[in-house]
Amino acid sequence: MVTHIGTRTITTERLILRRFDYLDIDSMIRNWIADEQTQWDYGEPYYPTYEAVRELFDTKYIASYCKEDYYRWAVIEKNSGECIGQIAFFRVDTDNQQGEIEYVIGPAFQGKGFATEMTKAVIKFGFEEINFHRIEIDCRTANETSKKVIEKCGLTYEGTFRDFFWRKDHYEGRQVFSILKDEYENTFS
């Protein structure tokens, strides 16, 4: 049975995953959310101003923390205190005891293992704290970097939805990966 507890702080070796705060806005703009290419790759709009990010917080991110089944973390690098990205269970299916993860890391912090570190921590939280049965991560077929992160986190490739995303002038597929609770327990516990 799933137990919703809301977004709680998670600490890893190099990161603190916690609820967003208005004090994060400047470092978010500096590191990722105002970068058009990063947000395009992530599949979300970019937010180039303080006011735009504040509105996002007021209408979605911070406004939703009152819900027990809402899970979205600011990714804070311990050494710098900078918000370098975010990670979330953006789709939660309580009836079927599963969640789908999305994440983004700013360009200056990519290729350093942060995405794998934060994703493993959120998978652990999903299985050990929320009690999900299944966790899924999907990515565009062209996103080789994300596929590597997903594979390092122990997820299994399930298949591809062909021509799933329209990307300005072409279609791209959506690859589906998942891990089940017993697989997680046998591999990571």
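# Exercises on a predicted model

H4 contributes eight residues to the lining of the second largest pocket, the most of any element. The exercises below concern a predicted model.

**Exercise 1. State the volume of the second largest pocket, and describe its lining by element, by residue and by residue class.**

Solution.
- Step 1, volume: the second largest pocket holds about 250 Å³ of space.
- Step 2, elements: strand E1 (10–11), H4 and helix H6 (181–188) each supply at least two lining residues. H4 gives the most, with eight residues.
- Step 3, residues: 14 residues line this pocket, and those nearest its centre are Lys 120, Ala 121, Lys 124, Phe 125 and Tyr 184.
- Step 4, classes: the lining divides into seven nonpolar, two polar and five charged residues.

**Exercise 2. Do the same for the largest pocket, and find which element gives the most to its lining.**

Solution.
- Step 1, volume: the largest pocket has a volume of about 870 Å³.
- Step 2, residues: it is lined by 33 residues, with Asp 41, Tyr 42, Tyr 103, Asn 143 and Ser 146 the closest to its centre.
- Step 3, elements: at least two lining residues come from each of helix H2 (36–42), strand E5 (98–105), helix H4 (114–130), strand E6 (134–140) and helix H5 (144–152). The element that gives the most is E5, with six residues.
- Step 4, classes: the lining is made up of 13 nonpolar, nine polar and 11 charged residues.
- Step 5, shared element: H4 supplies at least two residues to the lining of the largest pocket, and H4 also gives eight to that of the second largest.

**Exercise 3. Work out the overall layout: count the helices and strands, give their order, and decide how compact the protein is for its length.**

Solution.
- Step 1, count: the protein has six helices and eight strands.
- Step 2, order: along the sequence these follow the pattern β-β-α-α-α-β-β-β-α-β-α-β-β-α.
- Step 3, compactness: the globule rule gives 16 Å for 189 residues, and the radius of gyration is 16 Å, so the protein is as compact as a globular protein of that length.
- Step 4, extent: along the principal axes, the C-alpha atoms fill a box of roughly 45 × 40 × 30 Å.
- Step 5, burial: of the 189 residues, 49% are buried.
- Step 6, contacts: when contacts between residues at least 6 apart in sequence are considered, 63% join residues at least 24 apart.

**Exercise 4. Trace the sheet: give the strand order, name the edge strands, and describe the antiparallel pairs E3/E4, E4/E5 and E7/E8.**

Solution.
- Step 1, order: eight strands form an open sheet with mixed pairing, in the order E1-E2-E3-E4-E5-E6-E8-E7.
- Step 2, edges: E1 and strand E7 (156–166) each pair on one side only, and are the edge strands.
- Step 3, E3 and E4: strand E3 (residues 71–77) and strand E4 (residues 83–93) are antiparallel and share six bridges. Ile 76 has Cys 83 in E4 as its bridge partner. The two strands form a hairpin with five residues between them, and Gly 81 in the turn has a positive phi of about 75°.
- Step 4, E4 and E5: these run antiparallel and are joined by eight bridges. Asp 93 stands opposite Gln 98 in E5. This hairpin has four residues between its strands, and Gln 97 in the turn has a positive phi of about 55°.
- Step 5, E7 and E8: seven bridges join E7 to strand E8 (residues 171–180) in the antiparallel sense. Trp 166 stands opposite Tyr 171 in E8.

**Exercise 5. Decide whether Phe 57 is buried or exposed, and list its contacts beyond four places in sequence.**

Solution.
- Step 1, place: Phe 57 sits in helix H3 (residues 50–59).
- Step 2, burial: the cut-off for buried is under 20% relative accessible area. Phe 57 has 0% relative accessibility, so it counts as buried.
- Step 3, contacts: leaving aside neighbours within four places in sequence, Phe 57 is in contact with Phe 20, Asp 21, Tyr 22, Ile 25, Met 28, Ile 62 and Ala 63.
- Step 4, separation: Tyr 22 is 35 residues from Phe 57 in sequence, with a C-alpha to C-alpha distance of 7.8 Å.

**Exercise 6. Locate Asn 131 and Asp 163, and give the phi of each.**

Solution.
- Step 1, Asn 131: this residue lies in the loop between H4 and E6. Its phi is positive, near 75°. Asn 131 is partly exposed, with a relative accessible area of 23%.
- Step 2, Asp 163: this residue lies in strand E7. Asp 163 is not a glycine, yet has a positive phi of about 45°.

Notes. Residues are numbered from 1 along each chain as its sequence is written. This is a predicted model: local features need pLDDT of at least 70, side-chain atom pairs count only at pLDDT 80 or more; totals for chains, interfaces and linings use all residues. Side-chain values use heavy atoms; hydrogens and water are left out. On a 1 Å grid over the protein atoms alone, a cavity is a set of points where a 1.4 Å probe fits but cannot get out, and a pocket is an open set with protein on both sides within 12 Å along at least five of seven lines; lining residues have an atom within 4 Å of a point. Grid points are joined across faces, edges and corners, and a volume is the space filled by probe spheres set on the points. Ala, Val, Leu, Ile, Met, Phe, Trp, Tyr, Cys and Pro count as nonpolar, Asp, Glu, Lys and Arg as charged, and the others, Gly among them, as polar. Buried means under 20% relative accessible area, exposed over 50%, partly exposed in between (1.4 Å probe, protein chains only). Contact means heavy atoms within 4.5 Å. Two strands pair if DSSP finds at least two bridges between them. The radius of gyration is taken over C-alpha atoms; the globule rule is 2.2 Å times the number of residues to the power 0.38.
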